Amino acid sequence: MDFRYYAPTRVVFGRKSEEQVGALVRAQGCKKALVHFGGGSARRSGLLETVKRSLAAAGVEFAELGGAQPNPRLSLVRQGVELCRAEGVDFILAVGGGSVIDSAKAIGYGAANEGDVWDFYNFVRAPKACLPVGAVLTIAAAGSEMSDSSVITNEDGWVKRGYSNDLCRPKFAVMDPELTMTLPEYQTMCGCADILMHTMERYFGREAPMGLTICMAEALMRSVMENARVLLAAPDDYEARAQVMWAGSLSHNGLTGCGGDGGDWATHKLEHELGGLFDVAHGAGLTALWGSWARYVYGEQPARFARFAEKVLGVAPQKSEEATALAGIEAMEAFYRAIRMPTTLAELGVQPTDAQIEEMAEKCSVTARGALGKFRPLSKADMAAIYRAAR
């Protein structure tokens, strides 16, 4: 299929690359930056001080806003928008993982446009601009450092929404694999799961990407799985950290979908409602749902699932494509369990009631504005069935 590929983010990758952030921000010609970060880890590790020292050395003025958290909140975004306006901020520097970067993008939309920033995530209107964003990445997972997307949670109803627009693509991404070495195992593995799913969502579109893209996607997934296993045993392995960090960027900057139809994204949308209601870690929510989605839809194109089983998971061909496909789904779930990720909602620690399942399906249906996904378009009843199967 015809496609356009746009990946304008400058990548500065390697040890101590965070020391270059001042020069990178200054090159953007900004007058004042907002340094946006999460909890105390950026401060405790010394990273925040390194960033501020680099900005000061480059002559860049800055304000600060901490407090971003997993499933980033709309209330903090609105606070950031007001701060940007009050301080005359014209550049946003995100120091953290995907949640911080997503929050920074949302602040950029809100500060550059009139009205309520939630309008964009609620698909009421489209932004005309976004303050430029840069990122110092500390978690390999969301790929937000090179992507056109961000996801925000509105505490009013606990609605989680994603919005994509090229306006928010970061101007630069600073990536030092050493910054990820202190992450807890759970966060590291959640990140690996998210990276895999960003590629799998594109892999399982209704129309497969072009052959070269498929081969690249398969190699990326194999690499993430291999290095996730390495990091379980050796969390300070620089090579494995570097491989996973770069895979995170490539998995969500559009590369692994070139020549396809944009991908399915049903599992992501289903997880958004799960995360919005129960505030679970995104990567873990994805692994808890994926197997149920896969078993529900694989019959549409068993050959695609069979190829995934053979090329990515090393499953030997079975008596039929359907059997190979099912063996691949089982092998993927076995990998998730091997990296200590959940494969059911119960394992995730979530026990939704029937009413909560219907609520999530209703919210997901509203977000989809019709059928959800492309591999097999899902109705609201289909969504509820997948949630129930995942229990």
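This passage walks through the nonpolar cores, a central strand pairing and one buried aspartate in a predicted model.

Starting with the cores, the largest nonpolar one takes in 98 residues, and those with the most contacts inside it are M200, W290, W293, F305 and F308. Leaving aside residues up to four places away in sequence, M200 touches M221, W290, F308, M332 and Y336. There is also a second, separate core, this one of 22 residues, with V12, V21, F37 and F91 among them.

Next up is strand β5, which spans residues 133-137. Five of its five residues are buried, so the strand is largely enclosed by the rest of the structure. V133, A135 and L137 point one way from β5, while G134 and V136 point the other way. That fits the usual pattern: in a regular strand the side chains alternate between the two faces of the sheet. β5 runs parallel to β4 (residues 91-96), and five bridges join the two; here L93 has G134 as its bridge partner. β5 also pairs with β8, again in the parallel sense, over four bridges, and V136 is partnered with V174 of β8.

Just past β8 (172-175), in the loop that leads to α7 (185-203), sits D176. With a relative accessibility of 1%, D176 counts as buried because the cut-off for buried is under 20%. Its side chain reaches the backbone nitrogen of E178 at 2.9 Å. Setting aside residues up to four places away in sequence, D176 touches G14, R15, K16, S17, E18 and M245. As for A142, it lies 34 residues from D176 in sequence and 16 Å from it in space, C-alpha to C-alpha.

Definitions and conventions:
Residues numbered from 1 in each chain as written. Predicted model: local features only at pLDDT ≥ 70, side-chain atom pairs only at ≥ 80, totals over all residues. Heavy atoms only, no water. Core = buried A, V, L, I, M, F, W, Y, C linked by side-chain atoms within 4.5 Å. Buried < 20%, exposed > 50% of the residue type's maximum accessible area, 1.4 Å probe, protein only. Contact = heavy atoms within 4.5 Å. Polar contact = N/O pair within 3.5 Å; in protein donor to acceptor, adjacent residues only side chain to side chain. Pairing = 2+ DSSP bridges.
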